[in-house]
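This briefing is meant to be read with the sequence and the coordinates side by side. It goes through charged pairs, the sheet, a helix and the nonpolar cores in turn.

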Amino acid sequence: MSRYPDWLTVTCGDAPLVVSLPHTGTDIPAEYENGLVSPWFARKDADWWIERLYDFAAGLGATVIRTTISRTVIDVNRDPSGVSLYPGQATTELCPTTTFDGEPLYAPGAEPSAEQIGERRARFFDPYHAALRTEIERLRAKHPHVVIYDCHSIRSVVPRLFEGTLPHFNIGTNGGTSCAPALRDAVERICIGSGFSHVVDGRFKGGYITRSLGRPQAGVHAVQMELACRGYMKEPLGPVAEGEWPTPYDADYAAPMRAALTLILQTCLTFARSKA
């Protein structure tokens with residue numbers, strides 16, 4: 001019997017790499033549906049198809065941790081204290097009340113209360129982070145250095161969050177503090193060689209997972225990768241309407257980015273093993 005709840009999938013590997021999938025879930029338990037404006041709004045900002053794009057990770061020996069719960073219920077990559085990760089910039093909360101585009105998720109007055117947020121945190125947020133810590137500790141007992149790779153994606157054009165069109169690869173290391181510079185540089189080299197555009201610590205510098213777990217001086221190196229959706233799926237640029245988003249997963253279309261991501265995860269493993 002699994003020690004983890006059924007909404008939390010943990011595939012254990014022995015390689016010094018943990019792959020985190022915090023935003024691929026679309027499940028909204030019935031008790032959290034009351035007050036939501038629409039099921040589509042509630043799932044619109046999921047990191048679509050990322051679990052399929054990275055489904056090779058377990059085959060590399062990585063430990064893969066994924067929640068099936070929608071980020072609308074609770075976002076496991078936000079600071080649970082409520083402090084903004086991006087002061088002065090638009091963002092969404094621990095329990096979001098709007099979509100990335102600013103549309104209300106709840107009818108007026110139906111937003112989660114502080115008590116309800118606390119219940120969601122205890123039920124979903126805390127177990128996700130406990131799993132991350134447990135698996136990091138397990139692997140650190142075997143390896144001097146471990147890499148945490150946090151997987152994300154977002155639509156390429158979201159004016160409320162950033163200007164213009166987002167680069168394909170957005171590497172986040174919290175300003176160079178969440179991992180060793182050698183790892184950051186190695187990942188960047190793969191992005192440069194891929195033919196896709198990239199930026200390091202641009203608009204997306206790393207969320208709570210990267211910032212809270214990355215301790216390179218203690219042998220734990222955390223990197224967030226935010227992908228612009230157009231790099232692996234046929235994305236209509238700009239506003240999207242119900243029925244046209246998400247577009248279906250197309251393995252052939254995604255193949256070039258998947259190849260680059262395979263090299264990136266292999267590079268993370270090479271880095272961790274070389275530090276031994």
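With which residue does the side chain of Arg71 meet in a salt bridge at 3.1 Å, N to O? The partner is Asp75, and this pair is a convenient entry to the model, which is predicted. The points below begin with the charged residues around Arg71, then turn to the seven-stranded open sheet, to helix α3 with its bend at Arg121, and finally to the nonpolar cores, the largest of which has 78 residues.

**Salt bridges**

- Asp47 also forms a salt bridge with Arg71, with an N to O distance of 3.7 Å, and this pair links distant parts of the chain, since Asp47 lies in the loop between α1 (39-43) and α2 (50-53) whereas Arg71 lies in the loop between β3 (63-67) and α3 (114-140), 24 residues away.
- Asp75 has a further salt bridge, to Arg78, in which the closest N and O atoms are 3.5 Å apart.
- Are these charged residues buried or exposed, given that buried means under 20% relative accessible area? Asp47 counts as buried because its relative accessibility is 1%, and Asp75 counts as buried because its value is 0%.
- The two arginines are buried as well, Arg71 with a relative accessible area of 7% and Arg78 with one of 13%.
- Elsewhere, a network of salt bridges links Arg3, Asp14, Glu135, Arg138 and Lys142, and the count of salt bridges comes to 16.

**The sheet and strand β2**

- The open sheet has seven strands in the order β1-β3-β2-β4-β7-β5-β6, and its pairing is mixed.
- Strands β1 and β6 (198-200) are the edge strands, each pairing on one side only, and neighbouring strands of the sheet are turned by 15° against each other on average when direction is ignored.
- Strand β2 (residues 17-21) is largely enclosed by the rest of the structure, because five of its five residues are buried.
- In a regular strand, side chains alternate between the two faces of the sheet. In β2 both faces are covered, with Leu17, Val19 and Leu21 buried on one side and Val18 and Ser20 buried on the other.
- Strand β2 pairs in the parallel sense with β4 (residues 146-154) over four bridges, and within this pairing Ser20 has Asp150 as its bridge partner.
- Four bridges also join β2 to β3, again with the strands running parallel, and here the bridge partner of Val19 is Val64.
- By contrast, β5 and β7 run antiparallel and are joined by four bridges, with Phe169 standing opposite Leu227 in β7.
- Helix α6 packs on the sheet, where it touches β2, β4, β5 and β7, and its direction makes about 160° with that of β4.

**Helix α3**

- Helix α3 bends by about 45° at Arg121.
- The buried residues of α3 include Phe124, Phe125, Tyr128, Leu132, Ile136 and Leu139, together with the polar or charged residues Arg120, His129 and Glu135; Glu135 also belongs to the salt-bridge network described above.
- An α-helix has 3.6 residues a turn, so residues three or four places apart point the same way.
- The buried residues of α3 pack against β1 (8-11), β2, β3, β4, α5 (208-213) and β7 (220-228).

**Nonpolar cores**

- In soluble globular proteins, nonpolar side chains tend to be buried together.
- In the largest nonpolar core, of 78 residues, the members that touch the most others are Tyr54, Tyr149, Phe169, Met225, Leu227, Tyr232 and Leu261, and the largest share of this core, 10 residues, comes from helix α6 (residues 251-274).
- Which residues does Leu261 contact, leaving aside its neighbours within four places in sequence? They are Leu53, Tyr54, Phe56, Tyr149, Phe169 and Leu227.
- A second, separate core has 10 residues, among them Tyr86, Ile154, Leu161 and Phe162.
- Leu161 sits in the loop between β4 and β5 (169-172) and counts as buried because its relative accessibility is 10%.
- The C-alpha atom of Leu161 is separated by 6.9 Å from that of Thr91, although the two residues are 70 residues apart along the chain.

Notes:
Residues numbered from 1 in each chain as written. Predicted model: local features only at pLDDT ≥ 70, side-chain atom pairs only at ≥ 80, totals over all residues. Heavy atoms only, no water. Salt bridge = Lys/Arg side-chain N within 4 Å of Asp/Glu carboxyl O. Helix = DSSP H or I, 4+ residues; strand = E, 2+ residues; numbered from the N terminus. Buried < 20%, exposed > 50% of the residue type's maximum accessible area, 1.4 Å probe, protein only. Pairing = 2+ DSSP bridges. Bend = angle between axes of the 7 residues up to and from the residue. Contact = heavy atoms within 4.5 Å. Core = buried A, V, L, I, M, F, W, Y, C linked by side-chain atoms within 4.5 Å. Axes fitted to C-alpha atoms, helices over the stretch in contact; angles between N-to-C directions.
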